[in-house]
Amino acid sequence: MATSNANVHDTPENAKAAVFVHSVPISDDAISVVGPDLSGMNEIVSLLESYKRIGFQATALANAVEIVNNMRKWRLSDEPVHPDEMGEVDHSTRTNTKCTIFLGFTSNLMSSGLREVIRFLVKHRHVSAIVTTAGGIEEDFIKCLGKTYLADFALDGAELRRKGLNRIGNLVVPNDNYCKFEDWVIPILDEMLKEQKSTGVVWTPSSVINRLGKEIDNEESVYYWAYKNDIPVFCPALTDGSLGDMIFFHSYKSPGLVIDIVQDIRKLNDISLKAKKAGMIILGGGVCKHQIANAMLFRNGADYAVYINTGQEFDGSDSGARPDEAVSWGKIKAGSQTVKVYADATLVFPLLVASTFARSDE
């Protein structure tokens, strides 16, 4: 039987050629994607208050604003002292104990200008934990290395492939950006493997993201601020994207890196269990939506929930499910403050944040 002379540790060259297609130069008049600056936007608050009486999704958005503001304002001191706490009440601690807010979003939103809105929340410590998908991680770092551009939903896919341009809706990302990502991330994976071998450290998706946030050292990055502010970021599907491609190639070059998901599920669920009050703000569906909701099960449900997505429930998907379905599973408490806004998050989430977290009067 004939045997191959190829080293088992050699990266498949045809795979590299497919992944690292070079892009055509971007024209000087191309418009790059940038999100809004949410400082000084109090004028929007009164407009959103008027949405309450418009009806349809305008009313749902106004309800979402109210629920998020209630999340923000809640303090443990608002609740009666439990009989077990009598005699040892620390009033200062109760006054400073806030609602634990979980933010979830899909990867396409990091590709869009919502990245800047999410960064605002993380930079100013408005959220306690994040759950997203692989693209929701890597696109943040990739934007530090190269720009994403406005394009059109109707561009021809075959022509874009020839040009080395990847389409995300009406945005395009030059494939060269992913080549730059490889050049940046592979040496970091090398160092992580060395540390694993020398110290016995066990990496998890959240600790990998934390390390990358440290290494990017760029204030434009969401995960730089998550690292600086010690906000945990969970990504159960860490390999489902370009970062997974890099881990794949790295496994040929330097086998042995281990990333453990078990520690992360315990860490996420423990944050839920320890929360005195818990709120969910979830943009989109899929992994990020269900992983947060499932963590709420361990505390018998979230106290607040705001869903923003375009999913419908007729197909039985969790992505399209309304909050009441999660109540049936014990993932949202009965009687909790909940709303689902049927809308594209890029349309309504900047308005929601401008009317809540970005208010200068609080």
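**Note on strand 1 and the two largest pockets**

1. On one side of strand 1, T100, F102 and G104 are buried, and on the other side I101, L103 and F105 are buried as well, so both faces are covered. The model under review is a predicted one. Because six of the six residues of strand 1 (residues 100–105) are buried, the strand is largely enclosed by the rest of the structure.

2. Strand 1 has two parallel partners to consider. With strand 7 (residues 278–283) it pairs over six bridges, and T100 has A278 as its bridge partner there. With strand 2 (residues 129–132) the parallel pairing runs over four bridges, and L103 is matched with I130.

3. The largest pocket has a volume of about 490 Å³. Its lining consists of 28 residues, and N108, L109, S112, D344 and T346 lie nearest the centre. Helix 16 contributes the most to this lining, namely three residues. By class, the lining comprises 13 nonpolar, 14 polar and one charged residue.

4. The second largest pocket has a volume of about 340 Å³. It is lined by 14 residues, and R72, K98, I101, R125 and H126 are the closest to its centre. Helix 3 and strand 1 are the elements that give two or more residues to this lining, with helix 3 providing the largest share, three residues. Six residues of the lining are charged, five nonpolar and three polar.

5. R72 deserves separate mention. This residue lies in helix 3 (residues 56–73). R72 counts as buried because its relative accessibility is 15%, the cut-off being under 20%. Its side chain makes a polar contact of 2.9 Å with the side chain of N69.

Methods. Residues numbered from 1 in each chain as written. Predicted model: local features only at pLDDT ≥ 70, side-chain atom pairs only at ≥ 80, totals over all residues. Heavy atoms only, no water. Buried < 20%, exposed > 50% of the residue type's maximum accessible area, 1.4 Å probe, protein only. Polar contact = N/O pair within 3.5 Å; in protein donor to acceptor, adjacent residues only side chain to side chain. Pairing = 2+ DSSP bridges. 1 Å grid on protein atoms, 1.4 Å probe; cavity = no way out; pocket = protein on both sides within 12 Å on 5 of 7 lines; lining within 4 Å. Points joined across faces, edges and corners; volume = space filled by probe spheres on them. Nonpolar A, V, L, I, M, F, W, Y, C, P; charged D, E, K, R; others polar.
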